[in-house]
Amino acid sequence: MELRKSVEIIGCLPASSRALVGGLYWSGMPEEAGGGRKAMNIISLGAGVQSTTMLLMAAHGEITPKPDYAIFADTGWEPKKVYQHLEWLKKEAAKFGIKVIVTQEKNIKDDLLFAINSESKTGKAGFTNLPFHLINKDGTRGMAKRQCTAEYKIRPIQKKIRELLGYKPRQRIKEKVTLWMGISTDEIQRVKPSREKWIEHRWPLIEKRMNRLDCLSWMERKGYPQPPKSSCVGCPFHNDALWLDMKLNDKEAWEEAVEMDRAIKKLHRLKGKPYLHGSCQPLDEVYLHENQITIDLFDNECEGMCGV
Ligand code: SF4
């Protein structure tokens with residue numbers, strides 16, 4: 001693989017990302033896998049702004065080679081508009097010969113409710129943590145460890161790739177899989193290497209030096225709709241703008257989130273009292289204002305770039 005350094009961009013990166021990216025900007029086709037076996041290119045699709053743009057740019061031949069598949073791992077708890085966008089995207093990608101695969105192993109909302117109900121009866125059910133905001137027993141604030149991205153996003157995508165390659169679980173994979181991640185230059189801190197030897201991450205939007213606004217402009221120039229923000233309805237990483245938009249425009253999702261915010265108080269095994277909103281107030285009591293400045297902990301998509 002031919003690599004070239006981009007001192008100009010790397011110099012602007014935080015030290016942590018600089019060490020990783022280290023000038024890894026693709027300048028051509030990924031190398032072929034050894035043994036005459038074809039290398040596979042797969043898009044990790046979150047169905048938000050960045051990965052949608054990346055997929056459609058590849059469809060238009062602006063990012064090469066043409067990916068073999070785009071895989072969306074469904075947590076089962078996305079807002080309706082994300083599923084609608086995904087349906088549109090599947091059809092649009094199909095026009096260019098790219099198949100979008102939706103994979104779902106479990107349902108994060110059902111699993112959470114099951115854990116809540118089991119815990120209230122037995123006090124010891126295990127469950128996969130969402131990054132809840134916590135008020136600890138000594139009154140300090142904290143955050144629960146984020147395990148959901150690995151469980152509901154990363155692993156299902158890896159499992160699907162194994163299936164596509166014809167491998168069984170834990171069988172050694174011989175092919176080289178390049179997994180394209182939809183990270184733009186404004187969220188470079190999310191660039192992380194793959195933990196699997198058979199998967200290599202690639203960041204085409206970084207190569208193109210595109211930020212989120214560039215993605216939106218590209219979509220607009222092509223006459224495509226603006227993708228919604230993709231994340232679970234009750235994701236504790238939502239910022240106020242997203243909560244407010246949900247409250248005003250998606251009553252069903254808002255009510256589900258409010259109900260879940262109440263229900264998670266029964267999760268006694270956490271170190272503190274859990275909340276979905278960063279202020280650690282009941283969600284339906286939070287003053288949400290569109291001009292309120294809040295830190296967006298989540299960036300734009302949940303597609304396997306958390307630090308798990
Ligand atoms: S969107 Fe939020 S809650 Fe859903 S899997 Fe990602 S981090 Fe977890």
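This passage describes the fold, the core and several local backbone features of a predicted model of a protein chain.

The protein chain comprises 308 residues, of which 37% are buried, and its secondary structure consists of 10 helices and 10 strands. Among contacts between residues at least 6 apart in sequence, 69% join residues that are at least 24 apart. The mean pLDDT of the chain is 85, with 79% of the residues reaching 70 or more. Over residues 14-19, however, the pLDDT is below 50, and this stretch has 7 contacts in the model beyond near neighbours in sequence. The pLDDT likewise stays under 50 over residues 22-36, for which the model has 27 contacts beyond four places in sequence. Where pLDDT is low, the predicted coordinates should not be read in detail.

The largest nonpolar core contains 64 residues, and those that touch the most other members are Ile-42, Leu-45, Met-54, Leu-55, Ala-70, Phe-72 and Ala-257. Helix 3, spanning residues 49-59, contributes the largest share of this core, with 7 residues. For Ile-42, when residues up to four places away in sequence are not counted, the residues touched include Pro-67, Asp-68, Tyr-69 and Ile-71, together with Ile-161, Val-177, Leu-179 and Trp-180.

Two backbone features are found in the loops on either side of helix 3. In the loop between strand 3 (40-45) and helix 3, Ala-47 has a phi near 70 degrees, a positive value in a residue other than glycine. Ala-47 has 28 other C-beta atoms within 10 Å and is therefore classed as buried, the cut-off being 20 or more. In the loop between helix 3 and strand 4 (69-73) lies Pro-65, and the peptide bond that leads from Thr-64 to Pro-65 is cis, with omega near -5 degrees. A further positive phi, near 55 degrees, is found at Arg-209, again a residue other than glycine, which is placed in the loop between helix 7 (204-207) and helix 8 (212-221). Arg-209 is partly exposed, with 13 other C-beta atoms within 10 Å. As a point of reference, most residues other than glycine have a negative phi, and most peptide bonds are trans.

An open sheet is formed by 3 strands in the order 7-6-10, with antiparallel pairing. Strand 7 (141-143) and strand 10 (272-275) stand at the edges, and because each has a single partner strand, one side of each is left without a neighbour in the sheet. From one strand to the next, the twist averages 35 degrees. Strand 6 (residues 133-136) is joined to strand 10 by 4 bridges, the two strands running antiparallel, and within this arrangement Ile-135 stands opposite Lys-273 of strand 10.

Ala-144 is placed in the loop between strand 7 and helix 6 (148-165). This residue is partly exposed, with 19 other C-beta atoms within 10 Å. Leaving aside neighbours within four places in sequence, Ala-144 is in contact with Asn-129, Leu-130, Pro-131, Phe-132 and Leu-134, as well as with Leu-270 and Pro-274. Of these contacts, the one with Leu-270 links residues that are 126 apart in sequence, with a C-alpha to C-alpha distance of 7.4 Å.

Key:
Residues numbered from 1 in each chain as written. Predicted model: local features only at pLDDT ≥ 70, side-chain atom pairs only at ≥ 80, totals over all residues. Pairing = 2+ DSSP bridges. Axes fitted to C-alpha atoms, helices over the stretch in contact; angles between N-to-C directions. Core = buried A, V, L, I, M, F, W, Y, C linked by C-beta atoms within 7 Å. Buried ≥ 20, exposed ≤ 12 C-beta atoms within 10 Å, placed from the backbone. Contact = placed C-beta atoms within 7 Å. pLDDT = per-residue confidence, 0-100.
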